[in-house]
Structure formats: C-alpha cells, structure tokens
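Okay, thanks for coming, everyone. Let me put the structure up on the screen and then talk you through it.

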Amino acid sequence: MNFTEWRHSRPFWGSVIAIISGSLILWVPLNLFLSAFLPGSIAVVGLLFGGLIIVLGLLSLFFPQSAKVLGIIIMFLSVLSVIGALGGLFIGTILGLIGGAALLAWRPIEWKDDRHPASQPRETAKAG
C-alpha cells in the first residue's frame, strides 16, 4: 500500500485540519504559560482542549471507522476552546469546525488498483 492508497482509505484532510486547529488552540495558553497555572486561571482549559483536539485528530487517522464520533467531539471542543484559549485567536475554532465537519462527512471509497488486471471487475460473466 503506497501513500496515496493509505490517504484515500482514511479521513486524511479532516484529520490534518483538526491537528492544525488543536495546535493553534494550544499555542495561546502556551504563550501564557506563567499565568496558566495560577489558581483561578482558565487557561488550563485551553491546554486541555488543544491537546485533546490534537489527540482526537491523530486517532481519526488511525481509526477511520470512528471518524464521525471524533468529528463531533472535535467540533464541540473547538467551540468550547473560546473560553480558555480564545479559540486559538478564533482561527483554531474555525479550523476545528471545518476539520470536524470534514471528518463527519467522510465516507470510505473503493480503491481500484489499475496495476493488477485481476482486481478489475469482469464483464464476461453474463456475456454468454
């Protein structure tokens, strides 16, 4: 299996967009690192949500059969990240919504390999 076949067998672009979204959401609280762990600070929530979105994006790459559930959770966490991390300056929230929607809409496609003639459909079965 080459990279193109691997990429078509899973929600590749939705996962990549979700990982970028999580990185942007994680970037804001990391820059506020000194104040993130003060008592009463909600920047820790941004660290948690950004990290979770990255992990869920990676999980959707390796478990494509659960892409719909992971897409819904990514969209939910992206919206909630506005509270603790300003949604990655709102760009992370928008990318999280796009990545989650792409994961939600993903469907597996049948991959036809043109290199091996045995894998092509046969039309001669009903010809006679």
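I'll start with the overall picture, then go through a couple of helices and the turn after one of them.

Keep in mind that this is a predicted model. The protein has six helices and zero strands, so to speak a plain α-α-α-α-α-α run from the N terminus on. There are 128 residues, and buried ones make up 34% of them. If you take the contacts with a separation of 6 or more, 70% of those are between residues 24 or more positions apart.

Let's take α4 as a warm-up. Helix α4 covers residues 43-62, which is 20 residues, and from its first C-alpha to its last it reaches 29 Å. At 1.5 Å a residue you'd expect 28 Å, and α4 comes close to that. Its buried residues include L47, F49, I53, I54, L56 and L61, and there are glycines in the list too, G46, G50 and G57.

Now compare α5. Helix α5 has 23 residues, yet its end C-alpha atoms are only 26 Å apart. A straight helix would reach 33 Å at 1.5 Å a residue, and α5 falls short of that. Where is the kink in α5 centred? On I83, and the kink is about 115°.

What about burial in α5? Among the buried residues are A67, L70, G71, I74, L77 and S78, and further along you get S81, G84, A85, G87 and G88. As a reminder, an α-helix has 3.6 residues a turn, so residues three or four places apart point the same way. And which helices do the buried residues of α5 pack against? They pack against α2, which is residues 12-31, plus α4 and α6.

Let me stay with α6 for a moment. The axes of α5, residues 67-89, and α6, residues 91-105, come within 8 Å and cross at roughly 175°. Anything over 145 counts as roughly antiparallel, so α5 is roughly antiparallel to α6. By class, that α5 contact with α6 has 12 nonpolar residues, nine polar ones and one charged.

Last stop is the link between those two. F90 follows α5 and sits in the loop between α5 and α6. The phi of F90 is positive, near 65°, and this is a residue other than glycine. Is F90's side of the story buried or exposed? F90 is partly exposed, with a relative accessible area of 45%.

That's the tour, so over to you for questions.

Conventions
Residues numbered from 1 in each chain as written. Predicted model: local features only at pLDDT ≥ 70, side-chain atom pairs only at ≥ 80, totals over all residues. Heavy atoms only, no water. Axes fitted to C-alpha atoms, helices over the stretch in contact; angles between N-to-C directions. Helix = DSSP H or I, 4+ residues; strand = E, 2+ residues; numbered from the N terminus. Parallel < 35°, antiparallel > 145°, perpendicular 65-115°, else oblique. Nonpolar A, V, L, I, M, F, W, Y, C, P; charged D, E, K, R; others polar. Expected span 1.5 Å × (residues − 1). Buried < 20%, exposed > 50% of the residue type's maximum accessible area, 1.4 Å probe, protein only. Bend = angle between axes of the 7 residues up to and from the residue. Contact = heavy atoms within 4.5 Å.
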